[in-house]
Amino acid sequence: MNFFFVLNSRSVKQTILIVVAAFFTALFLFMGNLSLSPVFSTKDGPKAVYRGEKDIALTFNIGWGDEKAEPILDALKKENVKAATFFLAGSWAERHPDIVSRIVKEGYEIGILGYAYEDYTELEDVKIGKDISKAKEAFRKLNIKDIKLLRAPTGHFDQRSLKIAERYGYTMVHWSVDSKDWTNPGVKQIQENVKKAAKGDIILLHASDSAKQTANALPGIIQDLQGKGLKLVTVSQLIANGVVESREIK
C-alpha cells in the first residue's frame, strides 16, 4: 500500500506541474496575441492607431492661425529633428500654402485633420465623407498627394468614422500622450505632461495660434525624449516599425 501511495503522490505532483506549465504557456500566448492586435478597431477591421511598439512620434495639429506654426518649425530645425507629423486642416492649408510648402520641404510628414473643425461623431456619414473629400482636394491642389493618415478634427471618432476613413484609404491616428499645450498651462507643465512618454507613444501637440507656449516647450521635450534614447520618427514610420495595440470601438 505504501508503495502505491508514493507513486500516486508523484503522479499528483507531476500533474500539478503540467497544469501550472500549461497555464503560464497559455497566459504567455494570450499576452503575445494582445500585443499583436491593432488599438481602436471595429469587428470588421478598420482601426485608429494611437501607439506603436518602438520609437516615438511627435504630432502637431494645425487648424487655424498663422503665427505659431513657423516658430515651431524653427524650434524643430534648431533641435535637428528630422521627423515629425503635421495634421493639417484642409481649410487652413488652403489659406497658408507657403507654410505647408515649408513643412514639406523640411521633410516632415503631413496628415489630414479633416477640412473644417467638426466633430465626426455628430455628423451624418455623407457629411463625414464630404469633409474628408474636400480636405483631400485641398491638398491635391497644393500638389500634396498620397496622404494616408487622418486625424479626427476634434479627436472624437466612432465605428462609423473609422469605416468611412478606411473607405477613403486613410488610417485614423489618435494619440497616447496629450501635452495639453492648447490650455497654455506654462512651458514647464507642458514638458511635464510629456515626460511620461515612452517607446511607441504618439504625442499630441498643437501648432495653431491657440497654443502659445508650444514652441518654447519643444527644446526641453525633445532633449528629454532623446535623453531616454528614444528615436523620433513619423507616424508612418512608427506604424511600419512594429505592431500596434487595439481594443474594439462600439
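This briefing covers the strand order, the packing of one helix, and the backbone of some loop residues in a single chain. The structure is a predicted model. Its chain contains nine helices and 11 strands. Of the 250 residues, 46% count as buried. About 13500 Å² of the chain is exposed, and carbon and sulfur atoms supply 55% of that area.

**Strand pairing**

- Strand β3 (residues 56-62) runs parallel to β4, and four bridges join the two.
- β4 is also joined to β5 by four bridges, again in parallel.
- Five bridges link β3 to β9, and this pair is parallel.
- β9 pairs with strand β8 (residues 177-178) in the parallel sense over two bridges.
- Asn61 of β3 takes part in two of these pairings: Asn61 stands opposite Phe87 in β4, and its bridge partner in β9 is His206.
- In the pairing of β4 with β5, Thr85 stands opposite Glu109.
- In the pairing of β8 with β9, Val177 stands opposite Ile203.

**Strand β9**

- All five residues of strand β9 (residues 202-206) are buried, so the strand is largely enclosed by the rest of the structure.
- Cover is present on both faces of β9: Ile202, Leu204 and His206 are buried on one side, and Ile203 and Leu205 are buried on the other.
- His206, the bridge partner of Asn61, therefore belongs to a strand with five of five residues buried.
- The chain forms a right-handed β-α-β unit from β8, helix α7 (residues 187-194) and β9.

**Strand β4**

- β4 is likewise covered on both faces, with Thr85 and Phe87 buried on one side and Phe86 and Leu88 buried on the other.
- The path from β3 to β4 goes through α2, and this β-α-β crossover is right-handed.

**Helix α4**

- The buried residues of helix α4 (residues 97-105) are Ile99, Val100, Arg102 and Ile103.
- Viewed down the axis of α4, these buried residues lie within an arc of 160 degrees, so they line one face of the helix.
- An α-helix has 3.6 residues a turn, so residues three or four places apart point the same way.
- Asp98 and Lys105, on the other side of α4, are exposed.
- The elements against which the buried residues of α4 pack are α2 (69-78), β4 (85-88), α3 (90-95) and β5 (109-112).
- Two of those packing partners, β4 and β5, are themselves joined by four bridges.
- Gly107 follows α4 and has a positive phi, near 90 degrees.

**Positive phi at residues other than glycine**

- Asp55 is not a glycine, yet its phi is positive, at about 65 degrees.
- Asp55 sits in the loop between β2 (47-49) and β3.
- The relative accessibility of Asp55 is 14%; because the cut-off for buried is under 20%, Asp55 counts as buried.
- Asn80 also has a positive phi without being a glycine, at about 60 degrees.
- Asn80 lies in the loop between α2 and β4, on the stretch of chain that crosses from β3 through α2 to β4.

Methods: Residues are numbered from 1 along each chain as its sequence is written. This is a predicted model: local features need pLDDT of at least 70, side-chain atom pairs count only at pLDDT 80 or more; totals for chains, interfaces and linings use all residues. Side-chain values use heavy atoms; hydrogens and water are left out. Buried means under 20% relative accessible area, exposed over 50%, partly exposed in between (1.4 Å probe, protein chains only). The arc is that of the directions from the helix axis to the C-beta atoms. Contact means heavy atoms within 4.5 Å. Two strands pair if DSSP finds at least two bridges between them. A crossover is right-handed if, with the strands pointing away from the viewer, the path from the first strand over the helix to the second runs clockwise. Accessible areas come from the Shrake-Rupley method with a 1.4 Å probe; for residues, only the protein chains shown count as cover.
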